[in-house]
Amino acid sequence: MTKRHFITTLIIVLTFSSCDMNYLDYYQHIDSPDGKYYYGLYSDFSIGDPGFLVLKLDKKTNPEDLKINYSFENGITGDDAKWIGDRTILSNYDEASQYCSNPKIEIIDKRFLVFSRGGFMFGLYDLKLEKDTFNNCCTWNEWASQNIWAEKGTNYKGHIPKDEKSDYGLWIEKNIDNKINDYIVNNR
């Protein structure tokens, strides 16, 4: 059975079974530098594009046992969606699913919460400013909309990397990863 057939079969089985699932899949959590909060990294349940959320949680919440019910019939409740939205400090997804491996969060210099995946930094939350300094929700869409890779594209520079993934990786490094690193270095 091919991967595509397996996924299609799984979708059909789950749809007709009307079973509830947990909307968030836990990856990791870390303590805030002041010890008052947890920062939890989750993937949100969606079919298709891998999505990631970093939530700021009070100490009463066990990050590993966080349950948000999801059903194919009804999605998640409005209250649950609001609860997640109120606690989300970073979020992004990747339509190409190319740089999604090894998702993790870390705190640098007790000031910068960094979200990384696929070997690149994708999000930065400045704890001192309480602001998501870098939080591009849909990096692949931004890259693709610039028509950089296509020879007929408006931003074509006369050089095409060996493939789309290579070009997308170069774009991430230049436009996100390097900028996050520069921000950290210049704001220590």
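Me: Two strands count as paired if DSSP finds at least two bridges between them. With that in mind, in what order do four strands form an open sheet here?

Reply: This is a predicted model, and its open sheet is built with antiparallel pairing. The edge strands, each pairing on one side only, are S2 and S6. Neighbouring strands of this sheet are turned by 20° against each other on average, direction ignored. Reading across the sheet, the order is S2-S3-S4-S6.

Me: How many bridges join S3 to S4?

Reply: Strand S3 covers residues 37-44 and runs antiparallel to S4. As an example of the register, Tyr 37 stands opposite Asp 58 in S4. The number of bridges joining S3 to S4 is eight.

Me: At what angle to S4 does helix H2 run?

Reply: Helix H2 is made of residues 78-87. This helix lies across three strands, namely S2, S4 and S6. Relative to S4, helix H2 runs at about 80°.

Me: Let's move to strand S8. How many of its residues are buried?

Reply: Strand S8 spans residues 112-117. On one side of S8 point Phe 112, Val 114 and Ser 116, and on the other Leu 113, Phe 115 and Arg 117, and all are buried. S8 is therefore largely enclosed by the rest of the structure, with a buried count of six of the six.

Me: Which residue of S8 stands opposite Ile 105?

Reply: Strand S7 (residues 104-108) and S8 run antiparallel, joined by five bridges. Within this pair, the residue of S8 facing Ile 105 is Phe 115.

Me: And which residue of S9 stands opposite Leu 113?

Reply: S8 and S9 also pair in the antiparallel sense, over six bridges. Opposite Leu 113 in S9 is Tyr 125.

Me: Which residue takes a positive phi in the hairpin of S8 and S9?

Reply: For orientation, the hairpin of S7 and S8 has three residues between the strands, and there Asp 109 takes a positive phi near 55°. The hairpin of S8 and S9 has two residues between the strands. In the hairpin of S8 and S9, the residue with a positive phi, near 60°, is Gly 118.

Me: Now for charged side chains. Which residue does Lys 59 meet in a salt bridge?

Reply: The structure holds five salt bridges. In one of them, the N to O distance from Lys 59 to its partner is 2.8 Å. Lys 59 lies in the loop between strands S4 and S5 and the partner in strand S2, so the pair ties together parts that are 28 residues apart in sequence. The partner of Lys 59 is Asp 31.

Me: Are Lys 59 and Asp 31 buried, exposed or partly exposed?

Reply: Buried means under 20% relative accessible area and exposed over 50%, with partly exposed in between. Lys 59 has a value of 35%, and Asp 31 has 43%. Both values fall between the two cut-offs, so Lys 59 and Asp 31 count as partly exposed.

Me: What is the relative accessible area of Arg 117, which forms a salt bridge with Asp 94?

Reply: The closest N and O atoms of Asp 94 and Arg 117 are 3.0 Å apart. This pair links distant parts of the chain, with Asp 94 in the loop between S6 and S7 and Arg 117 in strand S8. Asp 94 counts as buried at 0% relative accessibility. Arg 117 is buried too, with a relative accessible area of 1%.

Me: How many residues apart are Arg 188 and Asp 109?

Reply: Arg 188 forms a salt bridge with Asp 109, and the closest N and O atoms are 2.4 Å apart. Arg 188 sits in the segment after helix H4 and Asp 109 in the loop between S7 and S8, which places the two in distant parts of the chain. At 64% relative accessibility Arg 188 is exposed, while Asp 109, at 46%, is partly exposed. Along the chain, the separation of Arg 188 and Asp 109 is 79 residues.

Me: How far apart in space are Lys 128 and Arg 111?

Reply: Lys 128 is found in the loop between strands S9 and S10. Lys 128 is exposed, at 63% relative accessible area. In sequence, Lys 128 and Arg 111 are 17 residues apart, while in space their C-alpha to C-alpha distance is 6.0 Å.

Me: Last one: over which residues is the pLDDT below 50?

Reply: The mean pLDDT of the protein chain is 83, and 77% of its residues reach 70 or more. One stretch falls below 50, and beyond near neighbours in sequence it has five contacts in the model. That stretch is residues 12-18.

Definitions and conventions. Residues numbered from 1 in each chain as written. Heavy atoms only, no water. Buried < 20%, exposed > 50% of the residue type's maximum accessible area, 1.4 Å probe, protein only. Salt bridge = Lys/Arg side-chain N within 4 Å of Asp/Glu carboxyl O. Axes fitted to C-alpha atoms, helices over the stretch in contact; angles between N-to-C directions. Contact = heavy atoms within 4.5 Å. pLDDT = per-residue confidence, 0-100.
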